[in-house]
Amino acid sequence: MVKIICKELELQKEYFEPDTVIHTLYFGGGTPSLLEVAELSQILDVAHRHYKLELRELTLEANPDDLDTGKLLALRQLGVNRLSIGIQSFDDRVLKFYNRAHNAAESLASIDKAKQAGFSKLSIDLMYGFPQSDHELWKKDLTTAIALDPGHISSYALTIEPDTALGRWTAKGKFNPASEDFIAEQFEMMQDQLGQAGYLQYEISNFGKPGAFALHNTNYWKGIPYLGIGPSAHSFNGRSRQHNISNNIKYIKALEQGSLLFECEDLEPVDALNEYLLTSLRTMWGADLRHIYNLYGKDLLIDKGAVIDDLREQGWLEVKEHALVLTTSGKLLADGLALKLFY
């Protein structure tokens with residue numbers, strides 16, 4: 001697969017505008033930490049050969065049990081300067097339920113090893129919304145995460161997808177998901193506790209201390225073009241969205257024959273504007289009214305004035321320094337509120 005990834009990198013080299021400088025690269029999706037450092041180096045060499053890279057951030061997603069000291073030091077030497085570690089929970093019972101290969105002790109050790117190896121930019125993933133009679137489990141996870149002080153925490157609610165084992169269990173009554181109110185309470189607890197610990201909620205699901213925000217994902221939320229490589233990978237160039245086929249066999253066969261298999265959707269200006277509203281409103285910077293006017297010729301304060309006034313009265317939205325910004329309570333309803341502002 002590494003050879004195929006390198007081939008796609010070569011074939012996609014014209015995706016960006018000429019002379020585009022790339023400042024972030026993200027090894028993620030799947031489990032890239034399973035790759036040997038030599039394989040990661042091979043991919044990185046091809047990227048340097050075909051793209052203008054001036055990397056400020058090179059991130060690798062990793063499982064706690066994949067990170068031994070030798071590999072961490074080799075990753076640092078390769079140029080990886082940020083790790084995103086998929087911890088999910090510090091409770092062994094929950095990890096077993098999620099079918100994770102690691103345990104809580106390995107999670108704790110992975111953070112310590114990463115710091116000792118010189119990684120100053122760390123992120124951990126946590127999952128909330130696991131059904132319980134109270135919030136004690138989530139409180140303990142938050143307390144442990146704050147004590148570890150990774151600098152960045154990404155957290156997502158447990159979601160039930162129909163075509164998964166958990167989805168089938170739910171359909172058969174073998175698993176009872178947490179209620180929406182229960183999940184909302186845990187979201188608000190997270191906002192409160194991480195805020196008190198000095199973390200800024202710079203995006204709905206992402207909290208970072210000043211200087212520790214994820215540059216790569218911030219670019220995505222701000223609508224900056226990105227290229228995704230690999231099966232199911234998504235890309236955006238400002239004018240269109242595209243995604244590679246998810247079938248590994250077809251993906252590999254096409255690239256072996258020197259072609260790409262993807263679906264592309266050209267965006268009308270109104271679609272691009274709505275997409276910008278959807279992503280930017282998830283951030284602490286909000287939707288830039290000047291950007292919207294300059295790029296799309298739309299004045300939201302006039303066109304959507306009544307809606308904006310209503311959302312402000314409800315306490316969900318503010319107008320700050322030429323931007324629409326969600327309040328703390330508004331962030332719980334982010335996507336729905338964005339839809340109200342769509343053209």
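Apart from its neighbours within four places in sequence, G151 is in contact with L122, Y199, F207, G208, K209 and A212. The model in which these contacts are found is a predicted one. G151 belongs to the loop that lies between α6 (136-148) and β5. With a relative accessible area of 9%, G151 is buried, because the cut-off for a buried residue is under 20%. The distance from G151 to S205 is 14 Å in space, C-alpha to C-alpha, while 54 residues separate the two in sequence.

From this loop the reader can turn to the sheet. Strands of a sheet pair through backbone hydrogen bonds, and the pairing is either parallel or antiparallel. In this model, seven strands make up an open sheet with mixed pairing, and their order is β1-β2-β3-β4-β5-β7-β6. At the edges are β1 (21-27) and β6 (200-203), each of which pairs on one side only. On average, and with direction ignored, neighbouring strands of the sheet are turned by 25° against each other.

At the β6 edge, the partner is strand β7 (residues 206-208), and the two run antiparallel, joined by three bridges. Within this pair, E203 stands opposite N206 in β7.

Helices pack on this sheet. Helix α2 (residues 37-50) touches β1 and β2 (52-62), and the direction of α2 makes about 155° with that of β2. Helix α8 (residues 180-196) lies across β4 (121-128), β5 (152-157), β6 and β7. The angle at which α8 runs to β4 is about 155°.

Helix α2 also has a helix as a packing partner. Two packed helices are described by the angle between their axes and the distance between the axes. For α2 and helix α3 (residues 69-78), the angle is about 15° and the axes are 10 Å apart. Therefore α2 is roughly parallel to α3, since angles under 35 degrees count as such. The crossing in which α2 passes α3 is right-handed. On the α2 side the contact is made by V37, L40, S41 and L44, which meet K71, A74, L75 and L78 in α3. Sorted by class, the residues of this contact are six nonpolar, one polar and one charged.

Other strands follow later in the chain. Strand β8 (residues 234-236) pairs with β9 in the antiparallel sense, over three bridges. One of the pairings places S235 with Q242 in β9 as its bridge partner. The strands β8 and β9 form a hairpin with three residues between them, and in this hairpin G238 takes a positive phi near 95°. S232 lies in the loop between α9 (215-221) and β8. The phi of S232 is near 70°, which is a positive value in a residue other than glycine. S232 has a relative accessible area of 34% and is partly exposed.

Which side chains of strand β9 (residues 240-244) are buried, and which are not? S240, Q242 and N244 point to one face and are buried, whereas R241 and H243 point to the other face and are not buried. Strand β9 is also joined to strand β10 (residues 262-266) by five bridges, and these two strands run antiparallel. In that pairing R241 stands opposite E265 in β10.

The last group to consider is built around β13. In strand β13 (residues 323-326), A323 and V325 point one way, L324 and L326 point the other way, and all are buried. Strand β11 (residues 287-288) pairs with β13 in the antiparallel sense over two bridges. Strand β12 (residues 317-320) also runs antiparallel to β13, and four bridges join the two. A323 appears in both pairings: A323 is the bridge partner of D288, and A323 is also the bridge partner of K320.

β12 and β13 form a hairpin with two residues between them. In the turn, E321 has a positive phi of about 45°. H322 lies in the loop between β12 and β13. Although H322 is not a glycine, its phi is positive, at about 65°. The relative accessibility of H322 is 46%, so H322 counts as partly exposed.

Definitions and conventions
Residues are numbered from 1 along each chain as its sequence is written. This is a predicted model: local features need pLDDT of at least 70, side-chain atom pairs count only at pLDDT 80 or more; totals for chains, interfaces and linings use all residues. Side-chain values use heavy atoms; hydrogens and water are left out. Two strands pair if DSSP finds at least two bridges between them. Axes are lines fitted to C-alpha atoms, for helices over the stretch in contact, and angles run from 0 to 180 degrees between N-to-C directions. Contact means heavy atoms within 4.5 Å. Angles under 35 degrees count as roughly parallel, over 145 as roughly antiparallel, 65 to 115 as roughly perpendicular and the rest as oblique. A crossing is left-handed if the near helix is turned anticlockwise from the far one by less than a right angle, and right-handed if clockwise. Ala, Val, Leu, Ile, Met, Phe, Trp, Tyr, Cys and Pro count as nonpolar, Asp, Glu, Lys and Arg as charged, and the others, Gly among them, as polar. Buried means under 20% relative accessible area, exposed over 50%, partly exposed in between (1.4 Å probe, protein chains only).
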